[in-house]
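Grab a coffee and work through these exercises with the model open beside you. Each one sets a task and then walks through the solution.

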Amino acid sequence: MNTVTPNADPAELSRFASHAARWWDANGEARPLHDLNPVRIAWIAARVPLPGARVADIGCGGGLLSEALAARGAQVLGIDLSPELIEVARLHLYESGLVVDYRVQSAEALAHGEPASRDAVCCLELLEHVPDPAALVQALADLLKPGGRLVLSTLNRTPQAFAGAIVGAEYLLRLLPRGTHHYARFIRPGELAGMLRAAGLELLELAGLGYAPFMRRAWVSPRVDVNYIALARKPE
């Protein structure tokens, strides 16, 4: 059914699939995502009208953001290339009572089959895990209706990000499994802005995401030297 080549790294898919069963464990491998999720959904909800909106969560994993979007009234489609993660996401709906359409599908395949179909698209912590982030941004743009909004989050390619996201989070604090991130794949804000322009999108806002792992506290910050989140718009 799908003739579009997925923009994915098999090793990355395997790594995340191995943690699928513990995705909803707030003290497990996805702990930083649990801590960041309330801050990110609040930031998104303040900028994207979610009630009734058709929203796609690309690289949805086990459904943390998808459920948060649905709880805010959005009609959510969550896609991921990991069958294991999609199964976990579907099972968690029995616990939450929310409604999300989960599919094992790539962004490129979805954009090919349902172009200009979404009021908003979210793609958090995925760009730095794919072989061709520019191609992914183009697929996300193709999914948007005119006037639709795109929310992205990723990691900046800076010494601070290397120290915090790799040395600190993976080796010293062991908040993430070793090998979760590859520094060469981190994306500078200027590079992301170029990808957005090439895809015909307008960058509206950029903000940093701060995180104190010992306190398990996250916040929006003006500093974008480690984690950052971006809002873009497809012109009418």
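**Exercise 1. Find where Asp 35 and Arg 31 sit relative to each other, and work out how their side chains meet.**

Step 1: Look at helix H2, which holds both Asp 35 and Arg 31; they are 4 residues apart, or about one turn of the helix. Helices here are DSSP runs of H or I with at least four residues, strands are runs of E with at least two, and both are numbered from the N terminus.

Step 2: Check the side chains. Asp 35 and Arg 31 meet in a salt bridge, 3.9 Å from N to O. The rule for a salt bridge is a side-chain nitrogen of Lys or Arg within 4 Å of a carboxyl oxygen of Asp or Glu. Side chains of opposite charge can pair when their charged atoms come close.

Step 3: Ask about cover. Asp 35 counts as buried because its relative accessibility is 11%; the cut-offs are under 20% for buried, over 50% for exposed, and partly exposed in between, with a 1.4 Å probe and protein chains only.

Before going on, two notes on the ground rules. This is a predicted model, where local features need pLDDT of at least 70 and side-chain atom pairs count only at pLDDT 80 or more, while totals for chains, interfaces and linings use all residues. Residues are numbered from 1 along each chain as its sequence is written, and side-chain values use heavy atoms, leaving out hydrogens and water.

**Exercise 2. Stay in H2 and place Pro 32: is Pro 32 buried or exposed, and how many residues along the chain separate Pro 32 from Ala 212?**

Step 1: Pro 32 belongs to helix H2.

Step 2: Its relative accessibility is 11%, so Pro 32 is buried.

Step 3: Pro 32 and Ala 212 are 180 residues apart along the chain, yet their C-alpha atoms are separated by 9.6 Å.

**Exercise 3. Trace the sheet from edge to edge, then see what H2 packs on.**

Step 1: Write down the strand order. The open sheet has 8 strands, E3-E2-E1-E4-E5-E8-E6-E7, and the pairing is mixed. Two strands pair if DSSP finds at least two bridges between them.

Step 2: Find the edges. Strand E3 (100-104) and E7 each have a single partner strand, so one side of each lacks a neighbour in the sheet.

Step 3: Add the twist, which averages 20° from one strand to the next.

Step 4: Bring in H2 (residues 31-45). This helix packs on the sheet, touching E4, E5 (144-155), E6, E7 and E8 (227-233), and its direction makes about 140° with that of E6. Contact means heavy atoms within 4.5 Å. Axes are lines fitted to C-alpha atoms, for helices over the stretch in contact, and angles run from 0 to 180 degrees between N-to-C directions.

**Exercise 4. Now sort some neighbouring strands into parallel and antiparallel pairs.**

Step 1: E1 (residues 54-58) and E2 (residues 75-80) run parallel, joined by 5 bridges. Ala 56 has Leu 77 in E2 as its bridge partner.

Step 2: E4 and E5 also run parallel, with 6 bridges between them. Here Arg 118 is partnered by Leu 144 in E5.

Step 3: E5 and E8 pair in the antiparallel sense over 7 bridges, and Leu 152 has Ala 230 in E8 as its bridge partner.

**Exercise 5. Hunt down more salt bridges: how many are there by the rule?**

Step 1: The count comes to 14.

Step 2: Take Asp 225 and Arg 223, whose side chains form a salt bridge at 2.5 Å, N to O. Asp 225 is buried at 15% relative accessibility, whereas Arg 223 is exposed at 54%.

Step 3: Move to Glu 236, which bridges to Arg 233 with the closest N and O atoms 3.8 Å apart. Glu 236 is exposed, at 74% relative accessibility.

Step 4: Look for shared partners. Asp 101, Arg 103, Glu 114 and Arg 118 are joined into one network this way.

**Exercise 6. What is the sign of phi at Ala 116 and Arg 216?**

Step 1: Recall the background. Most residues other than glycine have a negative phi.

Step 2: Ala 116 has a positive phi of about 50°. Ala 116 lies in the loop between helix H5 (107-113) and strand E4 (118-124), and is partly exposed at 38% relative accessibility.

Step 3: Arg 216 has a positive phi too, near 55°. Its loop runs between strand E6 (202-212) and strand E7 (217-221), and Arg 216 is partly exposed at 29%.
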